[in-house]
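The following paragraphs offer a guided reading of a protein structure for a reader who meets it here for the first time. Please keep the sequence and the model in view while reading.

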Amino acid sequence: MDAVPSIIDRVNLLVPGFAERASSHDRAASFPFENFQELSEAGLLALPVPKALGGAGVGVREAARVVNSVGKADAATALVLAMHYIHHLVITRNGNWPAHLAQRVSRDAVNGPALINALRVEPDQGSPSRGGLPQTTAKRTAEGWRMTGRKIYSTGAPILKWYTVWAKTDEPDVRVGIFLVPAGLPGTEIVETWDHLGLRASGSHDVVFDDVLVPLDHEVDVRRPSDWGAPDVSQATIQAVLVGAVYDGVARAARDWLIDFLKTRTPSSLGAPLATLPRAQEIVGGIEAKLAVNARLLDTFARDIDEGVALTSVEANILKLTVTNNAVAVVEDALSLTSNHGLTRANPLERHYRDVLCGRVHTPQDDSTRISAGRIALGI
């Protein structure tokens, strides 16, 4: 009897194809639907879904390894996958999700390429993490919630089956929170606005809701605004690891390309490969140091989450800051050794650079993390 392929074996069978297609999807800003079909057929979209619901029941550590491997091949695919995994990992740990909604979303992930992501950011609001009520409004009616609003930077919009929408109610005592909205309901429109420097294939378009009817029992977690003061530690820690794994994967792809370049590039003036230069060796050594720190941080932090170690959102934010900035530095170091070769579109390093810069955009941004950590240290 043939052995059942391990999770990582299944991933390794797919990522060469992802890497081969990444450049064309990046140039065209086209969405890699085929990648997610393959992930679904390999049973990889349902990895974090509990075994009782048909999934593999993996934890954060295993999910991060998958995201990291996919990130090396195609950062856009990895980011959409990471957001999908984050939702399922949070659902299994967070008692705020109604059971009927959690089960429906989980079973969908098992049965086909049914992805989920949050729609939070709005044109006039900026990052929701910095405060302010959303303009997207859910009006309660006898037949259901009537939702109207516009969300931007909706990663994975072309393929999502489920949106978790951050909206306010029209009640006299306004509440704000998460509604589970099936994609494609009448009145929903995806406006293809995404034309970005990096992660061009992520399909992070606008999603517009025009009086969209959402079932009343699709209210996930809606509270008074003042009740949202404390951060969701489970969400923060899981997101830090999964987002960090995406950009660390990009940095590792850049490192691999750089090493091959240094070993094979032999300028006539040198008469030997660039890898023989002490400067190249020193910079590559620095790259290895940054990646070693990232690997240890991501793996141990993920293991702590899986083992129930008490962590804080500040720790999670510092991890995200450290890993993503190390990843950016790795690609910048690679560029410093490759001259025009690193910036030509014939080589993948320039794409890795554009992609890795997006790591700094994700909530929380670096300034927020440093201010929070500084206030705690100063007792303010």
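Among the contacts in the protein with a separation of 6 or more, 74% are made by residues 24 or more positions apart. The model in which these contacts are found is a predicted one. Its secondary structure consists of 11 helices and 8 strands.

The overall dimensions may be considered next. For 380 residues, a compact globule would be expected to have a radius of gyration near 21 Å, and the value for the protein, 21 Å, agrees with this. Along the principal axes, the C-alpha atoms fill a box of roughly 80 × 60 × 40 Å. Of the 380 residues, 51% count as buried. The accessible surface comes to about 16800 Å², and carbon and sulfur atoms account for 53% of that surface. As for charge, there are 38 positive and 43 negative side chains, and the centres of these two sets lie 3 Å apart.

The interior deserves a closer look. The largest nonpolar core holds 91 residues, and those touching the most other members are Val67, Tyr85, Met147, Phe209, Val241, Leu242 and Tyr247. Helix α6, which spans residues 233–264, gives the most to this core, contributing 16 residues. Another core, of 9 residues, lies apart from the largest one; Trp97, Leu101, Ala102 and Val105 are among its members. Phe209 illustrates how a single residue of the largest core is surrounded. Leaving out residues up to four places away in sequence, Phe209 touches Leu119, Met147, Thr148, Gly149, Lys151, Tyr163, Val165, Val181, Gly187 and Thr188.

Helix α6 also contains Arg255. Is this arginine, Arg255, buried or exposed? Its relative accessibility is 13%, and because buried means under 20%, Arg255 counts as buried. Beyond its neighbours within four places in sequence, Arg255 is in contact with Ile287, Glu288 and Leu291. Lys151, one of the residues touched by Phe209, is 104 residues from Arg255 along the chain, and the C-alpha atoms of Lys151 and Arg255 are separated by 36 Å.

Attention now turns to helix α8, residues 313–336, in which Asn317 is found. With a relative accessible area of 16%, Asn317 is buried. Apart from residues up to four places away in sequence, Asn317 touches Pro364 and Thr369. Pro364 belongs to the loop between α10 (349–357) and α11 (366–378). The peptide bond that joins Thr363 to Pro364 is cis, with omega at about -5°. The contact between Asn317 and Pro364 thus involves a residue of helix α8 and a residue of that loop.

Two further residues have notable backbone angles. In the loop between α1 (7–28) and α2 (33–41) lies Ala29. Phi of Ala29 is near 55°, a positive value in a residue other than glycine. A positive phi, likewise near 55° and likewise in a residue that is not glycine, is found at Ser339. Ser339 lies in a helix, α9, which covers residues 339–343. How do these two residues stand with respect to the surface? Ala29 has a relative accessible area of 26% and is therefore partly exposed, whereas Ser339, at 54% relative accessibility, counts as exposed.

Terms used
Residues are numbered from 1 along each chain as its sequence is written. This is a predicted model: local features need pLDDT of at least 70, side-chain atom pairs count only at pLDDT 80 or more; totals for chains, interfaces and linings use all residues. Side-chain values use heavy atoms; hydrogens and water are left out. Helices (H or I, at least four residues) and strands (E, at least two) are DSSP runs, numbered from the N terminus. The radius of gyration is taken over C-alpha atoms; the globule rule is 2.2 Å times the number of residues to the power 0.38. Buried means under 20% relative accessible area, exposed over 50%, partly exposed in between (1.4 Å probe, protein chains only). Contact means heavy atoms within 4.5 Å. Accessible areas come from the Shrake-Rupley method with a 1.4 Å probe; for residues, only the protein chains shown count as cover. Lys and Arg count as positive and Asp and Glu as negative; His and the chain ends are not counted. The place of a charge is taken as NZ of Lys, CZ of Arg, CG of Asp or CD of Glu. A nonpolar core is a set of buried Ala, Val, Leu, Ile, Met, Phe, Trp, Tyr and Cys residues joined through side-chain atoms within 4.5 Å.
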